[in-house]
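Please look over this structure with the report below. It covers the surface, the strands, the cores and the charged pairs in turn.

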Amino acid sequence: MNKLMNTLTARGVAPLVAALVLTACAAPEFKQPAVEVPAAFKETQSAAQSADPVKVAADGTRWKEAQPAEQQPRGEWWLAFNDPALNELMAEAIRNNANLTVAAARVKQARAIAGIAEADRIPQVGVGVGASRSQQSPQEAGLPQGARMAPGTSYNARLTASYEVDLFGRVSSNVAAARNDAATVEANYRSVLLSLQADVAQTWFRLRATDAELATVAQTVRLREENVKVNQRRFDLGDIGEFDLSRAKTELATSRAEAIGLQRQRTNAEHSLAVLLGKPAASFSATENPLTEGGMLPAIPGGLPSSLLERRPDIAAAQRAMEASNARIGVARSAMFPALTISADGGGVGPAFSDVFRWSSRSWLLGALLSMPVIDGGRNRANITRSEAVLEESVGTYRQTVLSAFAEVEDNLAGLRILSGQTAQIDDAVVSARRSADLAQKLYDAGRSSYLELLDAQRNLAIVERTAVQLRGDRAITTVALIRALGGGWDAPVNTAQARN
């Protein structure tokens with residue numbers, strides 16, 4: 001045998017065989033999957049090339065224009081909205097939201113699992129102390145049957161140690177997989193945190209937009225009530241017929257019904273906000289805070305598409321999941337090769353506990369076990385195939401996540417551009433509708449037009465004003481959606497350890 005090994009070594013075959021074995025069982029080198037990344041978002045390119053006065057960012061006409069919030073901390077991007085009430089809601093949601101608590105607990109679990117895998121890198125040492133009492137049979141002692149045997153007590157103390165030599169990368173691959181699993185869970189935590197923050201902001205702006213719409217409808221109700229009073233007096237004096245009075249009452253009832261419907265919407269939004277804050281819906285009430293026409297919206301820089309690959313937590317999670325799947329291929333491959341375990345056992349045994357630690361009572365054992373599967377019915381080969389298929393799945397998930405991220409940014413950039421154009425047009429419509437309603441009122445008071453013409457002008461004004469309020473809320477909500485699509489703010493990512501203890 002020695003002669004054969006020397007011959008193989010001399011011929012350079014043994015090193016080649018060893019290299020082939022190690023290559024066969026090690027995890028494959030991770031290769032970043034190719035993803036087509038555009039040089040710039042289509043919406044930002046269109047804005048740069050277009051002479052259209054409609055702006056891409058949320059800084060259009062009738063809104064207070066703000067500078068891009070480059071200096072705001074990424075973890076507190078909502079400060080760019082300059083809304084103290086929103087700041088308080090965010091802090092409360094981060095403290096109390098149940099979903100965030102669940103995500104934080106999962107981070108702890110994943111880190112603990114990674115620690116368990118790391119423990120396989122070092123020898124496992126244990127101690128044991130015990131006592132036993134036994135009695136031999138005469139036959140075991142070589143004595144004639146019926147001989148009297150006295151029971152005896154023995155004490156022992158043992159120190160044991162075991163260590164798996166990482167010959168074929170099983171331990172290192174398992175550690176790499178566990179670490180990447182933990183990183184995946186942490187990225188998922190940041191994704192849950194960002195979604196929570198965005199949901200709180202969007203729900204808050206939806207609530208404020210509903211308050212503004214309620215204020216507009218309340219103004220319409222007051223106008224309708226005044227019309228009913230005026231028409232009632234004129235009907236009593238015989239100046240108008242019952243038809244005009246009935247129409248005035250119909251319009252009043254309709255406006256009141258619209259206000260009741262908006263109250264239902266506000267109540268639902270308030271309940272949704274309570275759940276995000278971790279509170280029972282019955283114990284939470286939000287004060288009225290209409291979204292005003294002069295409210296500030298930050299201008300959000302779209303940035304480059306390539307930056308999303310680093311900024312979005314869901315993309316980071318997909319990336320780490322790929323790396324974990326790649327490492328598990330190494331774990332599956334190593335199962336087909338020998339595993340070497342070294343063990344040691346030492347201690348003392350004596351009839352009295354004081355004798356256990358005497359040098360004459362010592363005993364020890366050293367061992368090495370090399371084991372490998374011989375016949376497994378194809379189990380290990382199938383496990384390798386499964387691991388490779390899991391990697392293929394994670395690569396597909398990663399690519400889909402990247403494409404969805406690009407689409408979300410494009411959607412919200414386009415949404416802000418279109419909403420800005422709509423806002424500019426509706427602002428002009430509000431001015432015209434108010435002028436028309438004012439003229440219609442004067443003509444009706446002078447008896448030069450019918451009440452139907454006055455109602456038509458007032459109805460158009462109410463519709464246009466409500467549309468303007470709705471667009472105001474849509475722009476705030478879409479601005480938050482763009483921030484979420486971009487992965488949060490603009491600086492360093494939030495630290496999960498600081499967000500949750």
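## A nonpolar surface patch

V125, V127 and L159 make a nonpolar patch of about 330 Å² on the surface. The model is a predicted one. L159 belongs to strand β3, which covers residues 152-165. L159 has a relative accessible area of 47%. That value makes L159 partly exposed, because the class runs between under 20% for buried and over 50% for exposed.

## Strand pairing

Strand β3 also has a partner. β3 pairs with strand β5, residues 339-350, in the antiparallel sense. Eleven bridges join β3 and β5. In this pairing V165 stands opposite L340 of β5.

β5 pairs with strand β6 as well. Strand β6 spans residues 362-371. The sense is again antiparallel, over ten bridges. Here G347 stands opposite S363 of β6.

## Nonpolar cores

In soluble globular proteins, nonpolar side chains tend to be buried together. What does the largest nonpolar core hold here? It has 54 residues. W77, L86, V200 and F205 have the most contacts inside it. The elements that give two or more residues to this core are α4, α5 (98-119), α7, α8 (242-276), α10, α11 and α12 (451-485). α7 gives the most, with ten residues.

Another core lies apart from this one. It has 15 residues, including I240, L252, A440 and Y444.

## Salt bridges between distant parts

How many salt bridges does a search of the whole structure find? The count is 24. One of them joins R208 and D83, with the closest N and O atoms 2.9 Å apart. R208 lies in helix α7 (residues 170-237), while D83 lies in the loop between β1 (64-65) and α4 (84-96), so the pair ties together parts that are 125 residues apart in sequence. R208 and D83 are both buried.

R333 and E388 also meet in a salt bridge, at 3.9 Å from N to O. This pair links distant parts of the chain, 55 residues apart. R333 sits in helix α10 (residues 313-334), and E388 sits in helix α11 (residues 379-445). Are the two partners buried or partly exposed? R333 is buried, because its relative accessible area of 19% falls under the 20% cut-off. E388 is partly exposed, at 31% relative accessibility.

## Along helix α11

A389 is another residue of helix α11. A389 is partly exposed, with a relative accessible area of 39%. How far apart are A389 and S325 in sequence and in space? They are 64 residues apart in sequence. In space they are 9.1 Å apart, C-alpha to C-alpha.

Helix α11 also holds a salt bridge within itself: R435 and D438 both lie in this helix, and their closest N and O atoms are 3.8 Å apart. The two residues are three residues apart, about one turn of the helix. R435 is partly exposed, at 48% relative accessibility. D438 is partly exposed too, with a relative accessible area of 33%.

Elsewhere, R224, R247, E251 and R459 are joined into one network by salt bridges that share partners.

Note on methods:
Residues numbered from 1 in each chain as written. Predicted model: local features only at pLDDT ≥ 70, side-chain atom pairs only at ≥ 80, totals over all residues. Heavy atoms only, no water. Salt bridge = Lys/Arg side-chain N within 4 Å of Asp/Glu carboxyl O. Helix = DSSP H or I, 4+ residues; strand = E, 2+ residues; numbered from the N terminus. Buried < 20%, exposed > 50% of the residue type's maximum accessible area, 1.4 Å probe, protein only. Patch = residues over 30% accessible without salt bridge, like charges linked within 9 Å, V, L, I, M, F, W, Y side chains within 5 Å. Areas by Shrake-Rupley, 256 points an atom, 1.4 Å probe, with all protein chains shown as cover. Pairing = 2+ DSSP bridges. Core = buried A, V, L, I, M, F, W, Y, C linked by side-chain atoms within 4.5 Å.
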